[in-house]
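Here's a walk through a fold, going from strands to helices. Keep the viewer open and click along as you read.

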Amino acid sequence: MKAVDLLLYGGMIITMDQNNSFKNWVAIRDGKIVDIGINDGYEKYLKDVVDAIFLNGKTVIPGFYDSHVHLVQTGLNTLGIDLSKAETIKDVLDLVKEKAEVTPEGELISAVQFDESKVREKRMPTRYELDECAPNNPVWINRIEYHTSIINSMAFHILKIPFYIEGIQRNEKNLPNGCLTGKASALVRNRILDSFSEKKRLEVINKSMKMAIEQGITSLNAMEGGFSFHNKDAEIVLKNKNTFPIDVAMFYQTVNVQKVLESGLNRIGGGIFLDGTLGSRTAAISKSYEDDEESFGELYYTQEEIDEFILKASKNDLQISVHAIGNRAIDQIIKSYEVIQKKKGENHTRNRIEHFVFPTDEQIKKCSELGIILSMTPTYEYFWGGDGGMYEKRLGKNRKQQTNPIKKSIENGMIVLGSSDSDITPISPVLGIHSAVNCCNVEVVDALKMYTVNGAYGVFEENKKGSIEIGKLGDLVVLDENPLTVEKNKIKDIKVMMTVKEGNILHIG
């Protein structure tokens, strides 16, 4: 008998196959699963195995998928000031001032993970406040979900922000107060990201990869490029994707179909923003925001523009995905998908919607009829749902019950993929599974599917990944507890003990 490279035995193996079967050992050779079984069938491999590991009752599941990650941005955010624990505007300003004192004059100071709903004042810092604490440096603060930027006066000057570009918020004197949304925020981000070298981009991608591997991820969907980020991000991922330790399926965030075809990709989109976010009040909704009766959010494209893009991408058989959070944006993409499917039949390119945070019941049913795949982020609900959370502030008590309807989407027969939208929320499938179960009332097995078999299906990889079966790649994650039997409210505490990619151990916890 030919030797195997890796043998795992003595544990609980949740295969996630069609029968939801359980095994207790698995053998991998040349990167693929060659045998799997129960009881003592593994013993025949012990005499001639490169690496045999006794699991001591631990749980093995297929390697995790994260179906929506901003690889470059996740890594870049590790370079900025972390504002996630700031409790007041003074905390924010003190952190910026502290950084300014050790930063060379004229060098950018960036800060991330700011959420005004978490600070006492419930507002953004102003550019004048930032001027005082960092008078000699451009300052750029990212709201937690990328769709709002706060910059100081020097940043306005250095970045040459047009005075009347859409998205500049103003004070009572009609002067910019430093807060930017929509096109203005995207322009700031794009111009700042343009300054990073290829070497720096690759360095931060490797940081993101390390974070993903430590969380049991063996495959991810990278959303890179586009006006709100930078095309250099997409180019560096494409150039190096064959050297990464885990698999990366990239969605190029552009409506330029020709560019994607020339890049050799068969998918397009991801973070093509049809609207913004609920946190920034830029998600396009049909009834005004609870805390701003004049705001209904924003649609960034006309229906005609979306139809033209979707039709062109479809004619070239590209898998399409777009960001749509509010029900008006969701309505736009449903209409476009419906048109092309009337022309071409079923959804053979597995077109997707990213996030799908605030749809109507009718939109869920229509998406199910069209076979649209949803890539959703349960951790949104973990961080912003619940009583008194951001969703309640923006939408009120009744409408907040409709956000992130993962369970209802699954009950309507839809395939739902699990994502972190990192660095919006932590790159952690375990936390995602916990959130799906405890915040969205999803059954544990369905939550596991979101991050395994469904993730594979979402990028046409179900024949080689997503479940633990003979012939598939040896992509596995070892957990210290069984998510099917541990107390539901403790799923988030499950530890990743080992990450295995094609039989190679990439991480031991």
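How many bridges pair β13 with strand β14, and in which sense, parallel or antiparallel? Strand β13 (residues 217-224) and strand β14 (residues 247-252) pair in the parallel sense, over six bridges. A bit of bookkeeping before we go on: this is a predicted model, where local features need pLDDT of at least 70 and side-chain atom pairs count only at pLDDT 80 or more, while totals for chains, interfaces and linings use all residues. Residues are numbered from 1 along each chain as its sequence is written, and side-chain values use heavy atoms, with hydrogens and water left out. As for the labels, helices (H or I, at least four residues) and strands (E, at least two) are DSSP runs, numbered from the N terminus, and two strands pair if DSSP finds at least two bridges between them.

Stay with β13 for a moment. On the β14 side, L220 has V248 as its bridge partner. L220 is also the bridge partner of D66, which brings in strand β6 (residues 64-69). β6 and β13 pair in the parallel sense over four bridges, and another of the partnerships here is V69 with A222 in β13. How covered is all this? Eight of the eight residues of β13 are buried (under 20% relative accessible area with a 1.4 Å probe, protein chains only; exposed is over 50% and partly exposed in between), so β13 is largely enclosed by the rest of the structure. β6 is mostly covered too, with six of its six residues buried.

Next, look at strand β15 (residues 267-273), where seven of the seven residues are buried, so this strand is also largely enclosed by the rest of the structure. β15 pairs with strand β16 (residues 319-324) in the parallel sense over four bridges, and R267 stands opposite Q319 in β16. F273 lies in β15 as well, and is buried with a relative accessible area of 12%. What does F273 touch, once residues up to four places away in sequence are not counted? Contact here means heavy atoms within 4.5 Å, and the answer is H147, S228, F229, Y300, Y301 and H323. For a sense of scale, the C-alpha atoms of F273 and T349 are separated by 20 Å, with their positions 76 residues apart along the chain.

There's also an open sheet of six strands with mixed pairing, in the order β7-β8-β9-β10-β12-β11. β7 (81-82) and β11 (168-170) stand at the edges, each with a single partner strand, so one side of each is left without a neighbour in the sheet. β7 is joined to strand β8 (residues 109-114) by two bridges, and these two strands run parallel. D82 is the residue that stands opposite V112 in β8. Now find helix α5 (residues 182-193): it lies across β9 (139-143), β10 (148-151), β11 and β12 (176-181), and runs at about 85° to β12. Axes are lines fitted to C-alpha atoms, for helices over the stretch in contact, and angles run from 0 to 180 degrees between N-to-C directions.

On to the helix pairs. Helix α9 (residues 303-315) packs against α10 at an angle of about 40°, with the axes 9 Å apart. That makes α9 oblique to α10; angles under 35 degrees count as roughly parallel, over 145 as roughly antiparallel, 65 to 115 as roughly perpendicular and the rest as oblique. Among the residues that meet are I306, I310 and L311 in α9 and I333, Y337 and I340 in α10.

α10 (residues 327-344) has a contact with helix α11 (residues 361-370) as well: their axes come within 11 Å and cross at roughly 25°. That makes α10 roughly parallel to α11. On the α10 side the contact involves N327, I330, D331, I334, E338 and Q341, and these meet Q363, K366, C367 and L370 in α11.

Finish at L370, found in α11 and buried with a relative accessible area of 11%. Leaving aside neighbours within four places in sequence, L370 is in contact with I334, E338, Q341 and N347. In contrast, E132 is far off: the C-alpha atoms of L370 and E132 are separated by 54 Å.
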